[in-house]
Amino acid sequence: MTSKSDREDIGARLSFDRSVSGRRAVDTPEWDGPRAEPLPEGLTRGGLRLPELSQGQLVRYYTALSHLNFGVDSGTYPLGSCTMKYNPKVNDEVAGLPGFAGVHPLAPEVEVQGTLEVLFELQEMLGAITGLPAVSLAPAAGAQGELAGMLMVKKVLQERGEGERRRVIVPDSAHGTNPASAAMVGFTVTEIPSGPGGSMDPAALERELDDTVAALMVTLPNTLGLWERDIERVVRLVHDNGSYVYGDGANLNPLLGRIRFGDLGFDVVHLNLHKTFSTPHGGGGPGAGPVCATPELAAYLPAPVIVPAAVDDEVRFRLARPTSSIGRLQQFHGNIGVLLRAYAYIRTLGLDGLRATSGAAVLNANYLRSLLEEHYALPYPGTVMHEAVFSGARQRRKHGVRTYDIAKRLIDYGFHPPTVYFPLIVEEALMIEPTETEAREDIEAFAATMAAIAEEAAQDPDVLHNAPHTAPISRLDEATAARRPELRWWPGEQAREE
Ligand SMILES: *Cc1c(COP(=O)(O)O)cnc(C)c1O
């Protein structure tokens with residue numbers, strides 16, 4: 001058990017621990033108007049122990065906490081698949097404009113025509129970018145977009161009288177949310193192995209295809225950062241089988257303005273606006289995972305969708321529920337701040353800018369790959385799209401250093417670690433996405449650090465085993481944290497006796 005002073009050193013003394021009775025951050029004048037009847041006895045809650053701090057203490061407390069944080073505004077954040085890129089601040093400005101930020105979700109349509117018009121245009125733009133013109137902005141995350149897409153597939157199959165199609169095929173490289181979303185909808189998941197080059201193996205797919213298959217879920221580019229080599233053939237096989245092709249478009253940044261899911265024959269995809277289209281994310285949100293579909297599936301989209309109104313001078317855009325809609329995914333309309341940032345991002349870049357974005361994403365990932373290839377194993381060699389998945393297997397075998405140690409050591413050098421141990425088909429995976437916004441020298445600095453760590457692994461593996469050395473908290477006791485998590489604050493006198 002750590003002592004109290006240890007806890008103080010790491011800045012872990014919570015605002016509650018610093019509380020002094022009677023202190024206030026702001027004084028408000030006593031109300032001298034008429035007093036309302038007090039609430040009935042039993043409806044009020046007493047003993048609400050909120051921290052009491054002066055304004056100075058409060059500001060210092062949160063400022064100190066913010067310094068412990070690492071974000072895309074602090075430095076390179078090469079978390080693979082997550083596209084943690086720099087987001088232009090002007091998009092935050094747009095999302096914060098009072099006309100948008102102050103709108104109540106229950107405001108009558110006539111009062112929010114400007115907002116609805118922007119959202120309608122965003123639907124149109126995402127439809128154009130994906131080649132799938134039927135769009136709903138409702139899903140609040142990528143995983144919720146997947147859920148929506150799977151529900152749409154289920155419903156259209158039921159209406160076609162093919163409810164016996166209950167299987168969804170997912171490659172073994174897929175993000176964990178894919179099989180989870182299919183399972184939540186009641187489908188059975190069949191995993192198929194990737195081919196030796198990292199792309200889907202059409203023969204493995206063909207073996208599984210029969211009249212019980214509802215859909216194939218495929219990520220493009222896949223989670224190895226690779227283009228699916230046989231994607232057109234794969235789509236044809238699935239369609240010839242009477243099944244749907246679902247696309248995980250969370251990693252759209254290397255395709256922007258160049259390749260469209262609709263042109264490849266996909267039926268429904270989700271995008272991650274908080275990855276590709278400029279919303280600071282991490283720490284669990286907020287996000288937006290719009291679904292984009294073919295006209296055939298338009299009627300099944302989640303509600304609401306924004307539609308132009310019949311000619312009427314006051315209400316030009318309305319919130320509508322498609323005729324066979326899977327329904328609502330939440331009480332209101334989606335995460336509007338994320339949608340506005342995406343709108344601003346697309347409008348400021350235009351088609352040429354979006355193309356430049358995907359060009360830079362691919363160039364940066366391949367530059368990084370070429371700089372690191374001699375230091376770390378690359379199980380699926382060759383040109384990548386938005387990210388490169390290395391393996392720490394060599395370091396593990398030769399020096400007893402694991403990917404986990406390498407990731408922790410990066411913290412000492414001021415870098416956020418990459419995604420580790422995913423995808424599952426890569427041993428000791430290090431999944432690195434530099435994103436389109438890292439400058440050449442930042443990519444070189446990251447690569448030089450990774451090379452230095454590979455050298456340390458050979459010379460002094462213990463430095464890595466005990467990393468990080470410079471962070472306020474070093475290695476956590478993860479077994480205890482998992483088995484006996486302390487999930488709430490205990491006041492001093494009630495501190496749990498162990
Ligand atoms: C991030 C991601 C998801 C899930 O998106 P969330 O917004 O985190 O729910 C799904 N698939 C892939 C490939 C992703 O990278």
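1. Helix axes here are lines fitted to C-alpha atoms over the stretch in contact, and the angles between them run from 0 to 180 degrees between N-to-C directions. On that basis, helix α3 (residues 89-96) and helix α12 (residues 336-372) pack at an angle of about 130 degrees, and their axes are 8 Å apart. The model is a predicted one.

2. How do α3 and α12 stand to each other, given that angle? Angles over 145 degrees count as roughly antiparallel and those of 65 to 115 as roughly perpendicular, with the rest above 35 degrees oblique. The α3 and α12 pair is therefore oblique. The crossing of α3 past α12 is right-handed. On the α3 side the contact involves N91, D92, V94 and A95, which meet G337, L340, R341, A344 and Y345 of α12.

3. A second helix pair to look at is helix α6 (residues 142-159) with helix α7 (residues 177-184). Their packing angle is about 45 degrees, and 9 Å separates the axes. These two helices are therefore oblique to each other as well, and α6 and α7 cross in the right-handed sense. The residues in contact are A143, E146, L147 and M150 from α6, and T177, N178, S181, A182 and M184 from α7.

4. Next, the seven-stranded sheet. It is open, with 7 strands in the order β1-β7-β6-β5-β4-β2-β3, and its pairing is mixed. At the edges are β1 (134-136) and β3 (188-192), each of which pairs on one side only. Neighbouring strands of the sheet are turned against each other by 20 degrees on average, direction ignored. Helix α6 packs on this sheet and touches β2, β4, β5, β6 and β7, its direction making about 170 degrees with that of β5.

5. Which strands does β4 pair with in the parallel sense? One is strand β2 (residues 167-171), joined to β4 over 3 bridges, where V168 stands opposite A215 of β4. Another is strand β5 (residues 244-249), which runs parallel to β4 with 5 bridges between them. In that second pairing, T219 has D248 of β5 as its bridge partner.

6. Is strand β4 enclosed or open to its surroundings? In β4 (residues 213-219), 7 of the 7 residues are buried, so the strand is largely enclosed by the rest of the structure. The cut-off behind that statement is a relative accessible area under 20%.

7. The connection from β4 to β5 goes through helix α9 (residues 231-240), and the three elements make a right-handed β-α-β unit. Helix α9 lies across β4 and β5 and runs at about 140 degrees to β5.

8. The antiparallel component of the mixed sheet includes strand β6 (residues 268-271) and strand β7 (residues 291-293), which pair in that sense over 3 bridges. Within this pairing, V269 stands opposite C292 of β7.

9. L256 deserves a look in the model. The residue sits in the loop between β5 and α10 (261-264). L256 has a relative accessible area of 0% and is therefore buried. Leaving aside neighbours within four places in sequence, L256 is in contact with I129, T276, F277, L354, R355, T357 and S358. With S358, which is 102 residues away along the chain, the C-alpha separation is 5.4 Å.

10. There is also a smaller set of strands to check: 3 strands form an open sheet in the order β10-β12-β11, with antiparallel pairing. Strands β10 (388-391) and β11 (419-420) are at the edges with a single partner strand each, so one side of each is left without a neighbour in the sheet. The pairing of β11 with strand β12 (residues 429-432) is antiparallel over 2 bridges, and T419 stands opposite M431 of β12.

11. Is R409 buried or exposed? R409 lies in helix α14 (residues 403-412). The relative accessible area of R409 is 11%, so the residue counts as buried. Not counting residues up to four places away in sequence, R409 touches I453, E456, V463, L464, A467 and H469.

Key: Residues are numbered from 1 along each chain as its sequence is written. This is a predicted model: local features need pLDDT of at least 70, side-chain atom pairs count only at pLDDT 80 or more; totals for chains, interfaces and linings use all residues. Side-chain values use heavy atoms; hydrogens and water are left out. Buried means under 20% relative accessible area, exposed over 50%, partly exposed in between (1.4 Å probe, protein chains only). Helices (H or I, at least four residues) and strands (E, at least two) are DSSP runs, numbered from the N terminus. Two strands pair if DSSP finds at least two bridges between them. A crossover is right-handed if, with the strands pointing away from the viewer, the path from the first strand over the helix to the second runs clockwise. A crossing is left-handed if the near helix is turned anticlockwise from the far one by less than a right angle, and right-handed if clockwise. Contact means heavy atoms within 4.5 Å.
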